[in-house]
Amino acid sequence: MTEFPVSTRVNRRVPKEAFYKHLTLTAALKDKFVTDVDRIVIENSLSNGSLNLNAQSEIKEILVLSVTLKKQEFDGKIVEAIAKQNPHKLLFVLVFEDMKKLALYHSKLYNTDWTNENEISLKLNGSSLDEIWQSFIEQTALYRERAENSGSLSIDERLARQERITKLEKLIEKTEKSAWKETQPKKKFELYSKLKGYKSELEQLIMNNE
């Protein structure tokens with residue numbers, strides 16, 4: 001894990017009750033908040049002042065929060081609710097025993113896979129807070145990017161492409177199973193035609209052919 005500059009360190013534990021007072025939560029989600037979350041700590045505050053940046057940004061502050069969980073399988077809507085209702089940009093470091101994962105909200109919730117706490121990595125890239133946040137999105141939502149030659153695309157274009165790749169892979173798997181089970185020649189042919197189209201589109205997206 002990246003060691004942020006000492007000037008950004010906050011290390012302040014926030015009582016869960018403090019979140020209850022400022023978040024609009026359903027009763028079910030509040031119950032999950034209580035049962036799933038052990039503690040929340042504001043680890044770092046990234047701002048122009050704390051990072052000694054001169055570049056102007058729309059983003060004024062990024063908070064890095066560690067959320068220690070009581071169980072590994074948790075409802076991501078908890079993190080989403082915190083992120084959507086907070087005026088700051090939030091990067092979450094989710095912790096369960098000796099495992100960690102990164103999560104953030106950018107139109108939807110994105111997260112990495114669980115990994116050993118000694119192997120998780122986060123780089124502080126960029127000369128402005130806007131660039132740093134874009135880098136965090138990249139490292140969290142696109143840390144296993146499938147498409148090649150995507151450097152000319154925006155973050156949102158790359159995310160859309162990645163989601164389409166994932167959807168196509170699921171469609172291919174589902175269609176292959178259906179085609180295998182189908183006994184009627186006409187329907188079987190239609191399924192294989194769809195399958196061919198899905199595979200062709202997937203190949204184009206991965207190779208990033210326009």
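# Exercises on a predicted model

T140 touches L91, L102, A103, L104, Y110, N111 and T112, leaving out residues up to four places away in sequence. The model is a predicted one, and the exercises below start from this residue.

## Exercise 1

Task: state where T140 lies and decide whether T140 is buried or exposed.

Solution.
- Step 1. T140 is part of helix α5.
- Step 2. The relative accessible area of T140 is 0%. Buried means under 20%, so T140 is buried.
- Step 3. The helix around T140 can now be described. Helix α5 has 13 residues and reaches 18 Å from its first C-alpha to its last, close to the 18 Å expected at 1.5 Å a residue.
- Step 4. T140 is listed with L129, I132, W133, S135, F136, I137, Q139 and A141 as the buried residues of α5.

## Exercise 2

Task: T112 is one of the residues that T140 touches. Find which residues T112 is in contact with, beyond its neighbours within four places in sequence.

Solution.
- Step 1. T112 sits in the loop between β6 and β7 (115-116).
- Step 2. T112 has 7% relative accessibility and therefore counts as buried.
- Step 3. With neighbours within four places set aside, the contacts of T112 are K101, L102, Q139, T140 and Y143.
- Step 4. L102 also appears among the residues that T140 touches.

## Exercise 3

Task: describe the second largest pocket by its volume, its closest residues and the elements that line it.

Solution.
- Step 1. The volume of the second largest pocket is about 300 Å³.
- Step 2. Its lining has 14 residues, and Y110, A141, Q162, E163 and T166 are the closest to its centre.
- Step 3. At least two lining residues come from each of β6 (109-111), α5 (129-141) and α6 (155-181). The element that gives the most is α6, with five residues.
- Step 4. Sorted by class, the lining holds five nonpolar, four polar and five charged residues.
- Step 5. Two residues link this pocket to earlier steps: Y110 is touched by T140, and A141 is one of the buried residues of α5.

## Exercise 4

Task: identify which residues have the most contacts inside the largest nonpolar core, and which elements give two or more residues to this core.

Solution.
- Step 1. The largest nonpolar core has 25 residues, and F19, F33, I40, L65, I82, F92 and L94 have the most contacts inside it.
- Step 2. Two or more residues of this core come from each of α2 (27-36), β2 (37-46), β3 (62-69), α4 (77-84) and β4 (89-96). The most come from α4, with five residues.
- Step 3. Take L65 as an example. Beyond residues up to four places away in sequence, L65 touches F19, I40, V41, I42, L90, L91, F92 and V93.
- Step 4. A second core is separate and has 24 residues, including I59, L91, F136 and A141. L91 is thus touched by L65 and also by T140.

## Exercise 5

Task: N11 and N52 each have a positive phi. Determine where each residue lies and whether each is buried or exposed.

Solution.
- Step 1. Most residues other than glycine have a negative phi.
- Step 2. N11 is not a glycine, yet its phi is positive, about 50°. N11 belongs to strand β1 (residues 9-14).
- Step 3. The relative accessible area of N11 is 53%. Exposed means over 50%, so N11 is exposed.
- Step 4. N52 has a phi near 60° and is located in the loop between α3 (48-51) and β3.
- Step 5. With a relative accessible area of 66%, N52 is exposed.

## Exercise 6

Task: describe helix α7 (residues 185-207), say which of its residues are buried and name an element that covers them.

Solution.
- Step 1. Helix α7 has 23 residues and reaches 33 Å from its first C-alpha to its last, close to the 33 Å expected at 1.5 Å a residue.
- Step 2. L191, L195, Y198, L202, L205 and I206 are buried in α7.
- Step 3. The cover over these buried residues includes α6.
- Step 4. Just after α7, N208 has a positive phi of about 60°.

## Exercise 7

Task: summarise the protein chain by its secondary structure, its spans and its share of buried residues.

Solution.
- Step 1. The chain has seven helices and seven strands, in the order β-α-α-β-α-β-α-β-β-β-β-α-α-α from the N terminus.
- Step 2. Its C-alpha trace spans about 65 × 40 × 30 Å along its principal axes.
- Step 3. Of its 210 residues, 42% are buried.
- Step 4. Among contacts between residues at least 6 apart in sequence, 60% join residues at least 24 apart.

Methods
Residues are numbered from 1 along each chain as its sequence is written. This is a predicted model: local features need pLDDT of at least 70, side-chain atom pairs count only at pLDDT 80 or more; totals for chains, interfaces and linings use all residues. Side-chain values use heavy atoms; hydrogens and water are left out. On a 1 Å grid over the protein atoms alone, a cavity is a set of points where a 1.4 Å probe fits but cannot get out, and a pocket is an open set with protein on both sides within 12 Å along at least five of seven lines; lining residues have an atom within 4 Å of a point. Grid points are joined across faces, edges and corners, and a volume is the space filled by probe spheres set on the points. Helices (H or I, at least four residues) and strands (E, at least two) are DSSP runs, numbered from the N terminus. Ala, Val, Leu, Ile, Met, Phe, Trp, Tyr, Cys and Pro count as nonpolar, Asp, Glu, Lys and Arg as charged, and the others, Gly among them, as polar. The expected span of a helix is 1.5 Å times one less than its number of residues. Buried means under 20% relative accessible area, exposed over 50%, partly exposed in between (1.4 Å probe, protein chains only). Contact means heavy atoms within 4.5 Å. A nonpolar core is a set of buried Ala, Val, Leu, Ile, Met, Phe, Trp, Tyr and Cys residues joined through side-chain atoms within 4.5 Å.
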